[in-house]
Amino acid sequence: MKTKSISKKKASILNLLFNYANTIFAIINGLVLVPLYLKYFSIGTYGSFLSSGNIVAMLGLLEGGTSMVLTQRLSASFAKKDYQTFSKLIGSGLFISFCLTSALVIIGLLFFPFISDWVKAEPKEYTGIQYSFLLSAIGAGLSISFSNISAAFQAWLRVKTSGMVNLISIPLGILTTLLGLKFGLGVVSIPLGILVKSLFGVISLLLILFKTLVKERYPKISIDKTDCVNLIRTTFPVFGSMVAKSIVTNSQLLIITNVIDPVSSAVFFITGRVFNLCESLLAPIGSSIFASISQMVAEGDVQKIKTNLIKIFVIFSGFSVLILTMSLGVNKLFIDIWVGRDKFGGEALSALLCLTMFISTRFKFLEFILFALGIFGRTVFYDLICGAIRILLIFSLIRYLGFIAIPIAELIPTVLILGYFLNKLMISKIQLNRNEAIKFVFAGGLAFVMGFTASLVGSIYYGYEVKIQWLVLYTLALFIVNSLLVLLFTEEFRNLANKLIKSKQNN
C-alpha cells in the first residue's frame, strides 16, 4: 500500500483542469457543432432530441450521488490508512455501478417504443429519435460507472490517471459524432459519440484500477453486502435532493414542448446555452476539491477546514460573477453570429437566466461542501419544497409568460428557501462569527449587481455591426470592466492578485 499521492492543493488544481475537459466536450457538442447539426436535421428534430435527452438525464438520477458518497468514504478510509475497508468499498462500488448501468439499459429498452411520441418527433425522424434515446441511456449508464471508478483515484489524489483517460476519450467521442453525421446517421450521431467516449473511459480506467491494486498490494477487492447497503442508504438523501431539483430542471423542455412547441424548446435551450456552459465551468470547482475536503475532515483540523472553505467560497463567488456577467453581455451577439438572431429568446429571458444561474450555482456549491463535510441528509427537505413550488409556479405562469416563467419559477423558491436554510446550516457547521457570516453570505453580491447592470445595458444598446471580430473586442472589453469590478468589490481576489504580483517580483 504505497500508492503515491500529491498535495491536496495540487490535486484540487489538477482535478479542476481535467474536469474542464468535460466542459470542453460539452461546448463542442452543445455549442460549436450545433450549426453543423442543423445542416443534417431540422431545429424541430433537435428540440425533440433535447427533450428526450432530458428524460435520459432524469433516468441518470438512479446514480443517486453514489460517486460522491463513494469518494467521501474512500477518501476517509485512505486518510485513516484503513486499506481493508478501502478495498471492500471499491468492490461494492463496482457492483453498484454494474447494477445501475444495467438498469439504465433496461429502462432505455422499455421506453424505446414510446419516446418519439412523448417528444413530438417529426414522423420521418421517429426511428432516429428512438435510437438516439437508447444510445443516450446506455451512454449515461457508462458515465455513471466511469464516475464511480474514478472515485478510487480521487481518494488516492491520483487525479492525473482518471483525468488523462477522460482527456483521451473526448476526441474519440467527437470524431465518432462527426463520422456519424458524414455517413448519414443524423441525430443518432450525437449520442453515439457520447457512448464511445464513455465506453473507452470505463474500459481504460478499469484496467488501470486493477493493475494499481495488484501492484500496490492492496487487499483483494470483494463485494460486501453491508457496505453495499450502507452506500445505498447514504445515497438516499442525496438521491432525494437530486430528484427534487432534476425532475423540475429536466422536465422544463418537455413542458415547453407540450405547452408551446418544440421550436420554443430549442430557442429556450439556445438562449440559456451560454449560461449552462458557465455552470459547467463552475460545477467542477466543487467536485475538484471534494476529495481533499473529505480527507481534511477525516484528519480533524477544524480551524484549517473553516479557513480554507471561506477562502474557496469567496473566490468561487468572484469567479462566478466574472463569467456570468460577461456571458450576459455577449449572449445576444453570440447567438446572432452562432445560429441567427431569430433563435434568441430576448433580453428579459437572458437576464433572468443569468440571475438564476448566479444564485443556483452558489447553493449547489454550498451543498457540495456540506456533502464533503459528511452532511448528506439535511438539505433534502428544502430541495423537495423548492421543487414542488417550482412545478406549481411553472404550470401557473407558463401560459401567460411563455418560457420566461421557467427562470422566475426557479428564482423565487431558491432565494426564499434554499438561500436561508443552506446558509444557516453552513454557518452553523463551520462555526462562523457574525462578521464572517455576513462576508460569507454576501460574497460577490455587490460585484454581481454592478457587473449585471453594466452587461445588461451593453446587451440592450449594442449597436455595432454583427461580426466575429466585434464579438471578440466586445468580450475583451467586458472582461476588463467586470474583472475590475470583481477586484474592487471582492477582497479575496485582491489578496490573490497581490500574492501573484509579489510572487513574480520575488522570482
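Mentor: Before we start, a contact here means heavy atoms within 4.5 Å. Keep in mind too that this is a predicted model.

Trainee: Fine. Which residues does C354 touch, leaving out those up to four places away in sequence?

Mentor: Start with where C354 sits: in helix α13, residues 347-372. Its relative accessible area is 0%, under the 20% cut-off, so C354 is buried. Leaving out residues up to four places away in sequence, its contacts are F275, L324, L328, F448 and F452.

Trainee: And how far is the C-alpha of C354 from that of C278?

Mentor: Along the chain, C354 and C278 are 76 residues apart. In space, their C-alpha atoms are separated by 9.5 Å.

Trainee: Let's zoom out. What share of contacts between residues at least 6 apart in sequence joins residues at least 24 apart?

Mentor: The protein comes to 19 helices and zero strands. Of its 507 residues, 56% count as buried. Among contacts between residues at least 6 apart in sequence, the share joining residues at least 24 apart is 85%.

Trainee: Which helix gives the most to the largest nonpolar core?

Mentor: That core has 122 residues, and Y46, L74, W156, L209 and M426 touch the most other members. As for helices, the top contribution to this core is 16 residues, and it comes from residues 302-338, helix α12.

Trainee: L209 is on that list. Which residues does L209 touch, not counting those up to four places away in sequence?

Mentor: L209 is one of the core residues that touch the most other members. L209 also turns up in the lining of the second largest cavity. Setting aside residues up to four places away in sequence, L209 touches I90, L94, I149, A152, F153 and W156.

Trainee: Since you bring up that cavity, what is the volume of the second largest one?

Mentor: The count comes to three cavities of 30 Å³ or more. For the second largest cavity, the volume is about 60 Å³.

Trainee: Which helix supplies the largest share of its lining?

Mentor: The lining residues are L70, L74, L89, I90, G93, L94, S97, N148, I149, A152 and L209. Helices α4 (66-79), α5 (83-111) and α7 (126-156) each supply at least two of them. The largest share is five residues, and it belongs to α5.

Trainee: How many charged residues does that lining have?

Mentor: By class, eight of the lining residues are nonpolar and three are polar. The number of charged residues in the lining of the second largest cavity is zero, or, put plainly, no charged residues.

Trainee: Back to helix α4. Is T66 buried or exposed?

Mentor: T66 lies in helix α4, and beyond its neighbours within four places in sequence it is in contact with I96, L100, N148 and T235. Its relative accessible area is 5%, and under 20% is the cut-off, so T66 counts as buried.

Trainee: How far apart are L59 and I107 in space, C-alpha to C-alpha?

Mentor: L59 is in helix α3, residues 43-59, and at 11% relative accessibility L59 counts as buried. Leaving aside neighbours within four places in sequence, L59 is in contact with L104, I107, F111 and F133. L59 and I107 are 48 residues apart in sequence, and their C-alpha separation is 8.2 Å.

Trainee: Now the loops. Is R217 buried or exposed?

Mentor: R217 lies in the loop between α9 (189-215) and α10 (225-259), and its phi is positive, near 60°, though it is not a glycine. Its relative accessibility is 71%, and the cut-off is over 50%, so R217 counts as exposed.

Trainee: What is the relative accessible area of K120?

Mentor: K120 also has a positive phi without being a glycine, about 55°. Its place is the loop between α6 (115-118) and α7. K120 is partly exposed, with a relative accessible area of 40%.

Trainee: Which residue with a positive phi follows α8?

Mentor: Helix α8, residues 159-182, has 24 residues and reaches 35 Å from its first C-alpha to its last, close to the 34 Å expected at 1.5 Å a residue. After α8 comes a residue with a positive phi near 85°, namely G184.

Trainee: Last one: how far apart are the end C-alpha atoms of helix α18?

Mentor: Helix α18 runs over residues 468-489, and its buried residues include L471, Y474 and L478. With 22 residues at 1.5 Å a residue, α18 should span 32 Å, which agrees with an end-to-end C-alpha distance of 31 Å.

Methods
Residues numbered from 1 in each chain as written. Predicted model: local features only at pLDDT ≥ 70, side-chain atom pairs only at ≥ 80, totals over all residues. Heavy atoms only, no water. Core = buried A, V, L, I, M, F, W, Y, C linked by side-chain atoms within 4.5 Å. Buried < 20%, exposed > 50% of the residue type's maximum accessible area, 1.4 Å probe, protein only. Helix = DSSP H or I, 4+ residues; strand = E, 2+ residues; numbered from the N terminus. 1 Å grid on protein atoms, 1.4 Å probe; cavity = no way out; pocket = protein on both sides within 12 Å on 5 of 7 lines; lining within 4 Å. Points joined across faces, edges and corners; volume = space filled by probe spheres on them. Nonpolar A, V, L, I, M, F, W, Y, C, P; charged D, E, K, R; others polar. Expected span 1.5 Å × (residues − 1).
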